[in-house]
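Welcome, and thanks for taking a look. Below is a short tour of one model, written to be read with the structure open beside it.

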Amino acid sequence: MRLITAQPFDFEFKTSEIALIVIDMQRDFVEPGGFGETLGNDVSLLRSIIPKTKELLEGFRELGLPIIHTRECHKPDLSDLPDAKRDRGNPSLRIGDEGPMGRILVSGEPGADIIPELYPIENEIVIDKPGKGAFYQTDLPQILTKIGIRQLVFAGVTTEVCVQTTMREANDRGFDCILAKDATESYFPEFKKSAIDMIKAQGAIVGWVSSVDEILDGLKS
Ligand code: TIU
């Protein structure tokens with residue numbers, strides 16, 4: 001039995017069944033002028049996790065374990081963008097509008113791409129998703145089945161929005177999920193803390209929580 005030290009209790013895993021999923025580390029969320037900032041957020045808060053997320057990514061690369069990156073973005077014709085999502089709230093620019101990094105949250109634009117520090121390399125899977133959850137209107141379920149994955153290590157942004165939504169989708173589909181708490185961040189520190197508390201409560205009702213060092217120690221031991 002192989003173990004990662006975690007909360008609320010150690011996480012059992014099989015090397016052949018575990019993958020890393022890095023959620024939405026896109027310029028639109030972590031750089032000025034993108035979607036995150038149009039919503040009124042201080043995007044600099046999210047940049048603090050880049051070094052630890054890079055360590056996690058490089059650890060998985062060294063071990064030759066599968067890596068999935070997601071990007072929240074929409075088709076250029078916005079046919080996959082519900083009016084309810086485009087019209088919500090009072091952002092300074094809406095999805096599809098032209099911003100300093102191209103059209104906000106549109107596939108193929110510089111802002112929708114993954115930040116250079118964490119850019120995918122050959123053979124890593126990249127999933128474009130129109131929703132907050134990565135299982136909604138994507139090929140992710142079929143891809144995970146095809147490569148035999150049943151356990152997911154989560155990193156990325158934001159903790160209580162796309163990370164938590166995807167963890168809950170995965171949990172309901174029978175995946176064991178573990179969140180790297182120092183490789184995820186929110187625009188709201190109190191929401192990050194609450195999301196982590198919710199995930200691990202009630203005997204890991206959504207999943208486990210651990211650190212990058214503990215995850216890599218467990219995988220390498
Ligand atoms: N706004 C916010 O916190 N997040 C998102 O809109 N998407 C993701 O979390 N990726």
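## A salt bridge, a ligand site and some backbone surprises

K220 and E62 form a salt bridge, with their closest N and O atoms 3.5 Å apart. Because K220 belongs to helix 8 (residues 212–220) and E62 to helix 3 (residues 50–63), this pair ties together parts that are 158 residues apart in sequence. The count of salt bridges comes to 15. Please keep in mind that the model is predicted.

Now to the ligand. You will find it in the largest pocket. Around the ligand are D24, F29, F35, L39, E72, K132, V157, T158, V161, C162 and Y187. Sorted by character, the residues of this shell comprise 7 nonpolar, 1 polar and 3 charged.

Which parts of the protein make polar contacts with the ligand? The table lists three of them, with the atoms on either side.

| Residue | Protein atom | Ligand atom | Distance |
|---|---|---|---|
| D24 | side-chain N or O | nitrogen | 2.7 Å |
| T158 | polar side-chain atom | oxygen | 2.9 Å |
| C162 | polar backbone atom | oxygen | 3.1 Å |

How much of the ligand does the protein bury? Taken alone, the ligand exposes 280 Å², and the protein buries 92% of that area.

The backbone deserves a visit too. As a reminder, most peptide bonds are trans, and most residues other than glycine have a negative phi. Here are some places to check against that background.

T158 is a good place to start, since you have already met it beside the ligand. The peptide bond leading from V157 to T158 is cis, with omega near -15 degrees. V157 is also among the residues surrounding the ligand, so both partners of this cis bond belong to the shell, because a residue counts as near when one of its heavy atoms lies within 4 Å. T158 itself is in the loop between strand 8 (151–157) and helix 6 (159–172).

Another cis peptide bond joins Q7 and P8, where omega is about 5 degrees. P8 is found in the loop between strand 1 (2–4) and strand 2 (11–13).

Where do positive phi values turn up in residues that are not glycine? L78 has one of about 60 degrees, and this residue sits in the loop between strand 4 (67–72) and helix 4 (83–86). Q137 has a positive phi of about 55 degrees, and Q137 is not a glycine either. The loop that holds Q137 runs between strand 7 (125–129) and helix 5 (140–146).

Notes:
Residues numbered from 1 in each chain as written. Predicted model: local features only at pLDDT ≥ 70, side-chain atom pairs only at ≥ 80, totals over all residues. Heavy atoms only, no water. Polar contact = N/O pair within 3.5 Å; in protein donor to acceptor, adjacent residues only side chain to side chain. Areas by Shrake-Rupley, 256 points an atom, 1.4 Å probe, with all protein chains shown as cover. 1 Å grid on protein atoms, 1.4 Å probe; cavity = no way out; pocket = protein on both sides within 12 Å on 5 of 7 lines; lining within 4 Å. Sits in = over half its atoms within 2 Å of the grid points. Nonpolar A, V, L, I, M, F, W, Y, C, P; charged D, E, K, R; others polar. Salt bridge = Lys/Arg side-chain N within 4 Å of Asp/Glu carboxyl O. Helix = DSSP H or I, 4+ residues; strand = E, 2+ residues; numbered from the N terminus.
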